[in-house]
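Subject: Handing over a structure, with notes on what was found

Dear colleague,

I am passing on to you the structure below, together with its sequence, and I would be glad if you could look it over before reading my notes.

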Amino acid sequence: MSALLRLPAEWETHSFTQITWPSLSSDWDYMMDQVERCYVDIVKAITRFEPLLIVTDNEARVRSVLGEALAAKVHFFVCPINDTWARDHGFITLTDSQADATLVDFQFNGWGMKFAADKDNLINQRLFKHCLNANKYQSCLSFVLEGGSIESDGNGTILTTTKCLMAENRNWFTSKAEAEALLKDALHCDRVLWVDNGLLVGDDTDGHVDTLVRLAPGDTLVYVEPPLASSDEQYADLLAMQSDVMSLRKADGSPFRLVPLPCTPPILDEDDGSRLPATYANFYFVNGAILVPTYNVPTDDVALARLAQAFPDYEVVGVDCRALIRQHGSLHCSTMQFPKCVKNNFLKCQEN
């Protein structure tokens, strides 16, 4: 293991953010107007703070939806796509002491072969060939790993969930020790913290950590607290998860600073009445701000206020993500950060 390489924390300075725009050929087609309005809001929020790359299979459509002024603020890369979840099909970037970036391309199998991923799994290779080849590329396609399943503090600690990392539809790990060894080798981390409990109703990811518990500046863990009503179907599992979180320790053995975020009241799909996996833990750091998903429910204000109090050096910006949770993801799921050392060739960023 090279001591030089490390996985940066998300809140470290970004070079740019990547999103993948919803496609007319995807599961979004029945509600394209709603989800594109949400993506316009995401683009507006991100471009206030940093550059943005949009991956799309239809640049002309996206430009038309954004409008000339907003489209001029972003870069485009056109290629075939399956879906929008850049967090899980995007590169995971390692950096070294020379401020060079290594873009690591893990296997993406549609969250355990639940959904088609053949096109999304090729996006990284295409981006590297045409836009990002000023950096180092590392193939790790023998390892299924989604960006939403891990968190890093930038200092050698990885946070993950047992239900996702140990799911048999990913890598068939026989033990946590085996999973940890592979994570340490691939991500150059020193230790792995496991959250054993926690799974939102309606979640397709088998419990991604970015929906439940997040590492944050100041040795902080931000997590979804149990709902107020013990009759809520998520109460027991989130109560057990809260106990997991309280037992986690920093590298020096001391406890983390804890910031609980409210569990939303049940938000139901307007078509079939199923509960949607709404979560405030799916926030996204940009340069100088935290973008927080909101859902037009009373707990929105509580979540925004707690994050503003916990992180006074960051502007806290709410983004309405009611459309995103219709396909069981939210704001962090739709974004992927690239740290400041990542070089790009955006002016020549086109597939042949």
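The notes that follow go from the overall fold to the aromatic rings, then to the pockets, and end with two backbone angles.

Please keep in mind throughout that this is a predicted model.

The protein chain contains 10 helices and 16 strands. Its radius of gyration is 19 Å, close to the 20 Å that the globule rule gives for 352 residues, so the chain is as compact as a globular protein of that length. Measured out along its principal axes, the C-alpha trace of the protein chain spans about 55 × 50 × 40 Å, and buried residues make up 59% of the 352 residues.Turning to the aromatic rings, the count comes to 16 aromatic pairs. One of them joins Phe283 and Phe285 in an edge-to-face arrangement, with 5.6 Å from centre to centre and 85° between the planes. Phe283 counts as buried because its relative accessibility is 0%, and Phe285, also at 0% relative accessibility, counts as buried as well. Phe285 forms an edge-to-face pair with Phe311 too, where the centres are 6.5 Å apart and the planes stand at 80° to each other. This second pair links distant parts of the chain, since Phe285 belongs to strand E13 (residues 284–286) whereas Phe311 lies in the loop between helix H10 (299–310) and strand E15 (315–320), 26 residues apart. Phe311 is buried, with a relative accessible area of 4%, which falls under the 20% cut-off. These three residues are part of a cluster in which ring pairs link Trp11, Phe283, Phe285, Phe311 and Tyr314.

Two arginines are placed over rings of this cluster. The charged end of Arg214 sits over the ring of Phe283, at 4.4 Å from its centre, while Arg257 lies over the face of Phe311, 5.7 Å from the ring centre.

As for the pockets, how many residues line the largest pocket, and which of them lie nearest its centre? The lining consists of 26 residues, and those nearest the centre are Asp204, Arg326, Gln327, His328 and Gly329. The volume of this largest pocket is about 330 Å³, and its lining divides into seven nonpolar, 10 polar and nine charged residues.

The second largest pocket has a volume of about 240 Å³. It is lined by 13 residues, of which Gln34, Asp320, Arg322, Ala323 and Arg326 lie nearest its centre. Helix H1 (residues 32–47) contributes the largest share of this lining, with four residues, and the lining as a whole divides into six nonpolar, one polar and six charged residues. You may wish to note that Arg326 is named among the residues nearest the centre for the largest pocket and again for the second largest pocket.

Finally, there are two backbone angles to look at. Most residues other than glycine have a negative phi. Trp111, however, has a positive phi of about 55° although it is not a glycine. Trp111 is placed in helix H5 (residues 110–113) and is buried, with a relative accessible area of 6%. Asp219 also has a positive phi, near 50°, and is likewise a residue other than glycine. Asp219 is found in the loop between strand E10 (213–216) and strand E11 (220–224), and with a relative accessible area of 43% Asp219 is partly exposed.

With kind regards

Technical notes:
Residues numbered from 1 in each chain as written. Predicted model: local features only at pLDDT ≥ 70, side-chain atom pairs only at ≥ 80, totals over all residues. Heavy atoms only, no water. Phe/Tyr/Trp six-rings, centres within 6.5 Å; stacked < 30°, edge-to-face > 60°. Buried < 20%, exposed > 50% of the residue type's maximum accessible area, 1.4 Å probe, protein only. Helix = DSSP H or I, 4+ residues; strand = E, 2+ residues; numbered from the N terminus. Lys NZ or Arg CZ within 6 Å of the ring centre and 35° of its normal. 1 Å grid on protein atoms, 1.4 Å probe; cavity = no way out; pocket = protein on both sides within 12 Å on 5 of 7 lines; lining within 4 Å. Points joined across faces, edges and corners; volume = space filled by probe spheres on them. Nonpolar A, V, L, I, M, F, W, Y, C, P; charged D, E, K, R; others polar. Rg over C-alpha atoms; globule rule 2.2 N^0.38 Å.
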